[in-house]
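I wanted to know what surrounds each ligand and where the nonpolar residues gather. My notes follow in the order in which I looked things up.

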Amino acid sequence: MHAFNLQPKKLSLAEHLADLAVEALIDEADLSPKPALVDRRGNGAHTDLHLGLMHASALSLWPAFKEMAEAALECGGIDLPLREALGRIGREGEAAMLATTGGVNTHRGAIWALGLLVAAAALAPESSVASAVTLRAARLALLNDRHAPQPLSHGAQVAQRYGVRGAREEAQLAFPAVTGLGLPQLKRSRVAGAGEQNARLDALLAIMTRLADTCVLYRAGEAGLQAMQQGARAVLDAGGSASLGGRRQLHALDQQLIALNASPGGAADLLAACLFLDRIERGDGLFPGVC
Ligand SMILES: CC(C)(COP(=O)(O)OP(=O)(O)OC[C@H]1O[C@@H](n2cnc3c(N)ncnc32)[C@H](O[C@H]2O[C@H](COP(=O)(O)OP(=O)(O)OP(=O)(O)O)[C@@H](O)[C@H]2O)[C@@H]1O)[C@@H](O)C(=O)NCCC(=O)NCCS
Ligand SMILES: Nc1ncnc2[nH]cnc12
């Protein structure tokens with residue numbers, strides 16, 4: 001074989017979906033300036049995370065996403081064996097992530113959301129509208145994985161204390177923060193000429209206006225959640241990330257959330273889900289070259 005083989009590699013559908021999921025995670029991590037999150041500027045409200053670690057974590061998840069898509073293709077329908085296979089692969093993915101990051105939780109919520117969406121996309125590649133993919137993902141999330149451990153996670157603790165819906169319910173409801181807030185805002189900002197990076201920031205902010213982000217609640221309580229939701233609303237009301245007024249509000253929100261130690265990690269995961277669905281919906285090279 002030639003040292004430089006410039007022929008594009010033919011990807012299987014599962015490999016292609018895994019590529020799209022990892023690209024969505026890397027695009028989310030790189031997007032800047034995100035309030036209190038890790039980005040190209042720095043570590044936001046985090047002491048144990050940095051951009052290189054987010055990239056390494058995203059790359060470590062490629063085999064898990066590929067395996068989830070393969071499991072869906074093999075099962076061919078929404079049933080308990082598929083749900084339990086996804087749970088097992090998801091837990092293995094979490095272990096690979098923790099081994100890569102030295103024990104830091106970088107993408108737990110993203111494995112859950114993107115894992116379900118990758119499987120849902122593989123189940124019916126011809127039905128790639130976001131609302132259809134998220135509905136299939138919800139049907140998977142509603143099935144009870146009998147082997148799932150029941151740890152007292154941050155999300156579970158916060159759900160008990162504040163009675164909010166977390167990552168599990170977001171998926172079971174077909175990702176309303178993504179289909180009802182993030183994706184519509186992404187499209188609106190693009191149409192308004194905001195530019196791609198600003199449109200993605202606006203999508204993140206739209207998600208933040210309403211999400212009960214259990215990371216924020218765990219770290220900063222209800223005051224932190226209120227600051228996140230109201231601050232995100234203020235950026236959008238001031239004209240969004242592409243406007244000077246919006247940028248001033250965004251800077252203020254970044255400072256405020258860092259001071260409160262309130263990192264919106266759940267919203268960041270859902271932005272990655274939004275970018276994944278956007279690519280699938282637009283068919284960005286989804287099937288050409290895929291075997
Ligand atoms: C069903 C699970 C999602 C478990 O959910 P649960 O709520 O019980 O567990 P958590 O461990 O709290 O993880 C949920 C993660 O989801 C993100 N998230 C938060 N709020 C929402 C929301 N409203 N909607 C959607 N997603 C949300 C968030 O992930 C991001 O934050 C992570 C950092 O969070 P945290 O651990 O709290 O970290 P820090 O505050 O930084 O901790 P310290 O440094 O202070 O210690 C980061 O990783 C982002 O990803 C939540 O963390 C599901 O995970 C599950 O059951 N998994 C088992 C395997 C499985 O079945 N997989 C299925 C494969 S498809
Ligand atoms: N960019 C980011 N910063 C911090 N936590 C995250 N969880 C997912 N993406 C994140």
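I count two N or O atoms as a polar contact when they lie within 3.5 Å of each other. The model is predicted, and I read every distance below with that in mind.

Entry 1, ligand 1.
I started with the polar contacts. An oxygen atom of ligand 1 sits 2.5 Å from a side-chain N or O atom of aspartate 269. For the side chain of histidine 154, I noted 2.7 Å between an N or O atom and an oxygen atom of the ligand. Glycine 109 takes part through its backbone, where a polar atom is 3.0 Å from an oxygen atom of ligand 1. I then checked how much of the ligand is covered. On its own, ligand 1 exposes 1200 Å², of which the protein buries 87%.

Which elements give two or more residues to the shell around ligand 1? I listed helices H4 (80-101), H5 (108-123), H7 (154-162), H8 (167-172), H11 (214-237) and H13. The shell holds 35 residues, and Asn105, Arg108, Ser153, His154 and Asp269 are the closest. Sorted by class, I have 15 polar, eleven charged and nine nonpolar residues around ligand 1.

Entry 2, ligand 2.
I wrote out the residues around ligand 2: Glu28, Lys34, Leu37, Val38, His46, Leu49, Met54, Thr106, Gly265, Ala268 and Asp269. Asp269 is thus in this list, and it is also among the closest residues to ligand 1. Helix H13, residues 265-282, supplies the largest share of the shell around ligand 2, with three residues. By class I find five nonpolar, three polar and three charged residues.

Next I looked up contacts to nitrogen atoms of ligand 2. The side chain of glutamate 28 has an N or O atom 2.9 Å from a nitrogen atom of the ligand. A polar backbone atom of valine 38 is 3.0 Å from a ligand nitrogen. For threonine 106, a backbone N or O atom lies 3.4 Å from a nitrogen atom of ligand 2. The ligand alone has 260 Å² of accessible area, and the protein covers 96% of that.

Entry 3, nonpolar cores.
The largest nonpolar core has 85 residues; Leu17, Phe65, Met208 and Phe276 touch the most other members. H5 contributes the most to this core, with twelve residues. I also found another core apart from this one, with seven residues, including Val38, Leu51, Leu53 and Met54. Val38 and Met54 also appear in my list for ligand 2.

Notes: Residues are numbered from 1 along each chain as its sequence is written. Chains are lettered from A and ligands numbered from 1 in the order in which they are written. This is a predicted model: local features need pLDDT of at least 70, side-chain atom pairs count only at pLDDT 80 or more; totals for chains, interfaces and linings use all residues. Side-chain values use heavy atoms; hydrogens and water are left out. A residue is near a molecule or strand if one of its heavy atoms lies within 4 Å of it. A polar contact is a pair of N or O atoms within 3.5 Å; within protein, one must be able to donate a hydrogen and the other to accept it, and residues adjacent in sequence count only if both atoms are side-chain atoms. Accessible areas come from the Shrake-Rupley method with a 1.4 Å probe; for residues, only the protein chains shown count as cover. Helices (H or I, at least four residues) and strands (E, at least two) are DSSP runs, numbered from the N terminus. Ala, Val, Leu, Ile, Met, Phe, Trp, Tyr, Cys and Pro count as nonpolar, Asp, Glu, Lys and Arg as charged, and the others, Gly among them, as polar. A nonpolar core is a set of buried Ala, Val, Leu, Ile, Met, Phe, Trp, Tyr and Cys residues joined through side-chain atoms within 4.5 Å. Buried means under 20% relative accessible area, exposed over 50%, partly exposed in between (1.4 Å probe, protein chains only).
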